[in-house]
Structures are given as structure tokens and as C-alpha cells.
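Dear colleague,

I am handing over a structure for you to look at, and my notes follow it. Please keep it open while you read.

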Amino acid sequence: MKKKDRRGQIASYTHLGEFYSNDNPRKASTYFDSVLQIAKPLNIPRAEKDVLKLLMELEPTNIHVRNRYAFLQDSLYNQELKVKTQFAKYRYDDKLKQESILNLEKENAERQLEVEKERNQKIISFSSLALLLLISVFALFFSIQRTKRLKHENRTSKMEAIYETEAELSRKLHDDFAGKLNHAMVLLQTGSDNSKVLNVVDSLYSQSRDFSRKINDVDTGPKFKEVLFGMLGNYCRDTQLIVTGSSEVDWVKLTALTKKTLYKVLQEFMINMQKHSGASIVSIHFEQTKAKLKISYNDNGKGAAKNSLNNKNGLWNTEKRILAINGSLTFDSEKGEGFKAQVEIPN
């Protein structure tokens with residue numbers, strides 16, 4: 001009971017010291033000293049340290065108080081660290097023990113399952129290999145069939161485009177060129193004025209030159225851009241031609257097939273514009289990406305209903321050309337609202 005009373009005195013003197021710290025520092029120091037005299041014999045370093053901290057605020061120049069406080073603080077820290085270290089070591093040892101038990105149990109289970117596991121792995125390996133071989137055979141078969149089908153479709157599209165071109169030229173030769181030639185022969189037979197005959201012959205010459213330009217192979221060399229723009233200019237002598245984006249196109253990068261298709265497609269647009277559209281302004285915009293060359297064609301001509309475009313053999317043949325090289329063509333036209341087309345051709 002006496003020891004408990006002494007501890008109670010420590011608490012009481014500490015509270016009294018805190019109470020008088022502001023109004024009566026001398027009296028507060030007396031109470032704090034009483035706590036120190038009780039705490040040292042009872043070996044209560046934490047109570048002594050707490051009072052020393054309060055006493056340092058009242059006597060900041062007291063070196064003895066400061067040193068004693070520092071000593072107790074280090075001592076208590078070391079003691080707490082030692083307890084924590086011992087507890088951590090106990091927990092660590094216990095953890096190692098538990099892990100060791102678990103590892104032994106795991107090793108025993110693994111040994112029991114090792115033979116069965118190896119056998120299952122062999123079964124799985126052989127099954128996977130057989131399945132892989134089967135899939136490879138089917139994949140190879142379907143790949144070969146798909147390649148054959150695509151080649152056949154591509155060849156068919158190209159042949160259709162060629163046949164349509166030939167048929168179109170044949171119709172023009174029969175309906176127009178042959179008619180004019182027959183007219184010239186009639187004029188000669190009837191002894192008509194030479195000027196009339198010369199006019200018909202000159203018309204035939206101009207028409208034959210147009211046929212030649214249309215069916216001749218396209219120059220896909222370094223001067224392709226000049227040849228292409230020359231062709232566009234020939235068809236737009238009485239029409240304002242606006243071309244944008246051409247300087248951004250890497251013309252050298254384009255393949256010969258792409259150049260030929262581009263030339264024929266734009267030529268057909270020009271022919272359609274000259275014969276049917278009556279446009280005063282033609283706009284062509286080029287845009288090149290890594291995979292495709294995009295061309296936007298616009299004119300302010302008469303336009304045509306979309307369902308009537310399929311009846312124009314030249315435009316239908318143009319679509320065949322583009323599809324034959326895995327490109328795309330989109331028409332956007334309404335009667336009285338001009339003609340628009342979006343073309344995408346692989347580089």
C-alpha cells in the first residue's frame with residue numbers, strides 16, 4: 001500500500017507542478033523535485049523523464065536537468081528497442097518454424113504427386129503436339145484455298161475490267177469512228193468539196209489520238225506526275241482545275257500498278273466530266289497515308305442520280321479497275337448537285 005501511495009504522490013505532485021507552472025514557477029519546481037526524489041528510489045524512469053521535460057521548460061539553463069533527461073530518454077529507448085527486438089526475434093523464429101513445417105508437408109505432398117504429374121505432363125505434351133499439328137494442317141489447307149480463291153477473284157476482276165475496256169472502245173469505234181470514216185468515204189465518192197473531207201479526216205485524226213492516249217500504256221517513271229497533270233490539263237482547257245495535296249504525295253513510292261490505275265481512274269472522271277457534267281470547276285485533293293493513297297474528286301456539273309451511275313459503262317469499268325487492286329470507290333452524286341467520288345488505292 002505504501003508503494004502504491006508513493007506512486008499516487010508522483011501523479012499528484014506532477015499535476016500540481018503543471019498547475020503552478022504558469023503562475024508560480026518556483027512552487028511548480030518544488031513539486032517537480034518531489035517527484036524526482038520519489039521516482040528515483042522506486043526506479044520509475046518514465047515518470048522521472050516526464051517531470052524532467054516539464055522542469056526543462058521552467059529551467060531551460062539547467063544543464064544537469066537537460067543531461068539527466070537525455071540520459072533517461074536514451075536509456076528508455078534502448079530498453080524499448082531491446083524488448084521489440086526480442087519480440088520480433090520470437091515472432092521470426094516462430095514464423096521460421098511454421099514455414100519449416102509447411103515446407104516439409106509440401107515436399108511430402110509433392111513427392112507423392114511427382115510420378116502422377118510427370119505422367120500427366122507427358123500425356124498433355126503428346127496431346128498438345130497432336131492438336132497443334134492438326135490445327136497447322138487445317139490452317140495450311142484453308143490458307144492455300146483462300147489464296148487460290150483471292151487470286152481467282154483478282155484475276156477475274158482484272159479480266160472483267162479488260163473486257164469492259166475493250167468492249168467500250170469497240171462500241172466507240174463502231175458507233176462513232178466508223179460512222180465518220182464512212183461519211184468521209186461517201187464525200188470522196190460523191191466528189192464533195194475537199195474542205196469538207198479534210199474536216200472529217202481531221203476529226204477522225206483527233207479522235208484516233210484520243211483513243212491512243214486512252215489505250216496506250218501509262219508512263220510510270222519519274223515523269224509520271226507531269227504526265228498525269230498534263231492529261232488532267234488537256235481535259236480541263238475550258239474548265240478551272242484545282243489540285244491540292246499533290247506536293248505531299250511521295251510519287252516515287254507509288255507502285256507502277258497504282259500509278260496506272262490512278263491515271264485511268266482520273267482520266268475516266270475527266271471524260272465523264274467533259275461529256276456529261278458540263279462542270280466549270282473541278283477539284284481534286286490528294287492525301288497519302290502509310291498504306292493508302294486517297295483521292296477526293298469534286299465538280300460542280302449537272303451531277304446524276306446514284307442509280308443512273310451504274311448505267312455509265314466508263315464509271316462502272318473504273319470501279320472494276322480499283323476493286324481489282326483491292327482499292328475502293330465511293331460515288332456521291334445527286335442530279336443538279338455536282339459529282340463527287342472518293343477513291344482509295346493501296347500504295
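Below I describe the overall make-up and then one lysine with its surroundings.

This is a predicted model, in which local features need pLDDT of at least 70 and side-chain atom pairs count only at pLDDT 80 or more, while totals for chains, interfaces and linings use all residues. Residues are numbered from 1 along each chain as its sequence is written, and side-chain values use heavy atoms, with hydrogens and water left out.

The protein has nine helices and five strands, where helices (H or I, at least four residues) and strands (E, at least two) are DSSP runs numbered from the N terminus. Of its 347 residues, 28% are buried, a word that stands for under 20% relative accessible area, with exposed being over 50% and partly exposed in between (1.4 Å probe, protein chains only).

Lys-259 lies in helix 7, which covers residues 256-277. Lys-259 is buried yet has no salt bridge, that is, no side-chain nitrogen of Lys or Arg within 4 Å of a carboxyl oxygen of Asp or Glu; the nearest side chain of opposite charge, Asp-219, is 7.7 Å away. (Lys and Arg count as positive, Asp and Glu as negative, and His and the chain ends are not counted.)

What does the side chain of Lys-259 reach at 3.0 Å? It is the backbone oxygen of Thr-220, a residue in the loop between helix 5 (194-215) and helix 6 (224-235). Thr-220 is partly exposed, with a relative accessible area of 23%. Leaving aside residues up to four places away in sequence, Thr-220 touches Ala-256, Lys-259 and Lys-260, contact meaning heavy atoms within 4.5 Å.

Best wishes

How values were computed
Polar contact = N/O pair within 3.5 Å; in protein donor to acceptor, adjacent residues only side chain to side chain.
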